[in-house]
Amino acid sequence: MRSFLACTCLLFCLIATAQQKEKLFNGKDLTGWTIHGTEKWYASDGELICESGPDKQYGYLSTNKDYKNFILTLAFKQEANGNSGVFFRSRIPEGVKISGWQAEVAPAGLHTGGIYESYGRGWLVQPKPEDEQYLKQGEWNTYKIKVDGDEVTTWLNGHQMCYIKDAKIGEGDGFIALQIHEGGGIKVRWRNIEIEELK
């Protein structure tokens, strides 16, 4: 009887945990998101795809909702040079000039998993050189980003890449956004974008 109750309790806990997760991408269209700039964002075969457009400028796809404290999980696959990123607690007052912080997505050796402050202090923390190996260029990668108060932690394919505790980040607020870097020739595929908000 005790085993049955313990199993039942565990099952309810697992269900409760699962219910806290929210899908940010429905697999069909860009409902819940806003495009900034002239670069290409579209849904195809359950994937969210970003590509450089003819202007070869920065482009962003932001959530319509703001998120303060959360665990974000997603998968990405880089084609072309794959220079992108996941912004958090960010704002775009106009055009494509973004304020906030980026969990980097970049080609091999260029610090995927690091934290960068746009139009501010620049790189705040980068992965150790030996951790750069965990990026699977041209394959699907799993990315996990935890933002809680003034702490940010990133994981790539199950390996912790970076951790930072920063007062300025703690004061920030805003949306989540995916990026296309300027320069052209960029294509990144995204899927399984889910968020769990933290209290």
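**Salt bridges, cores and a pocket**

Let me start with one side chain: Lys65 is partly exposed, with a relative accessible area of 38%. Please keep in mind throughout that what we are looking at is a predicted model.

The partner of Lys65 is Glu197, and the two form a salt bridge in which the closest N and O atoms lie 2.9 Å apart. This pair connects distant parts of the chain, since Glu197 sits in strand β15, residues 186-197, while Lys65 sits in strand β5, residues 59-66, with the two positions 132 residues apart in the numbering. Glu197, at 37% relative accessibility, is partly exposed.

A second bridge also starts from β15. The side chains of Lys187 and Glu79 meet at 3.7 Å, N to O, and because Lys187 belongs to strand β15 and Glu79 to strand β6, residues 70-80, the pair ties together parts that are 108 residues apart in sequence. Here the two ends are not in the same class of exposure: Lys187 counts as buried at 19%, a value that falls under the 20% cut-off, whereas Glu79 counts as partly exposed at 24%.

The third bridge I want to show joins Lys168 to Glu117, with the closest N and O atoms 3.1 Å apart. Again distant parts of the chain are linked, with Lys168 in helix α2, residues 167-171, and Glu117 in strand β9, residues 115-118, which puts the partners 51 residues apart. Lys168 is partly exposed at 41%, and Glu117, at 2% relative accessibility, is buried. Elsewhere, Glu47, Glu79, Lys187 and Arg189 are joined into one network by salt bridges that share partners. Over the whole structure, the search finds ten salt bridges.

Let me turn to the nonpolar interior. In soluble globular proteins, nonpolar side chains tend to be buried together. In this model the largest nonpolar core has 38 residues, and the members that touch the most others are Leu72, Phe76, Val86, Tyr143, Trp190 and Ile193. Strand β15 supplies the largest share of this core, namely five residues. What does Phe76 contact, once its neighbours within four places in sequence are set aside? Its contacts include Val105, Leu135, Trp140, Tyr143, Leu156, Val188 and Trp190, and also Glu139 and Arg189. There is, in addition, a second and separate core of six residues, with Tyr60, Phe87, Ile92 and Ala177 among them.

Next comes the largest pocket, which holds about 230 Å³ of space. Its lining includes Tyr58, Tyr60, Glu104, Tyr116, Tyr119, Trp123 and His181, and the elements that contribute two or more residues to that lining are β8, residues 99-105, and β9. Sorted by class, the lining has five nonpolar, six polar and one charged residues.

I would like to finish with two backbone details. Arg89, in strand β7, residues 84-91, has a positive phi of about 45° although it is not a glycine, and Arg89 is buried, with a relative accessible area of 2%. Tyr119, already mentioned as part of the pocket lining, likewise has a positive phi, near 50°. Is Tyr119 buried or exposed? At 56%, Tyr119 is exposed, and its place in the chain is the loop between β9 and β10, the latter spanning 122-125.

Key:
Residues numbered from 1 in each chain as written. Predicted model: local features only at pLDDT ≥ 70, side-chain atom pairs only at ≥ 80, totals over all residues. Heavy atoms only, no water. Salt bridge = Lys/Arg side-chain N within 4 Å of Asp/Glu carboxyl O. Helix = DSSP H or I, 4+ residues; strand = E, 2+ residues; numbered from the N terminus. Buried < 20%, exposed > 50% of the residue type's maximum accessible area, 1.4 Å probe, protein only. Core = buried A, V, L, I, M, F, W, Y, C linked by side-chain atoms within 4.5 Å. Contact = heavy atoms within 4.5 Å. 1 Å grid on protein atoms, 1.4 Å probe; cavity = no way out; pocket = protein on both sides within 12 Å on 5 of 7 lines; lining within 4 Å. Points joined across faces, edges and corners; volume = space filled by probe spheres on them. Nonpolar A, V, L, I, M, F, W, Y, C, P; charged D, E, K, R; others polar.
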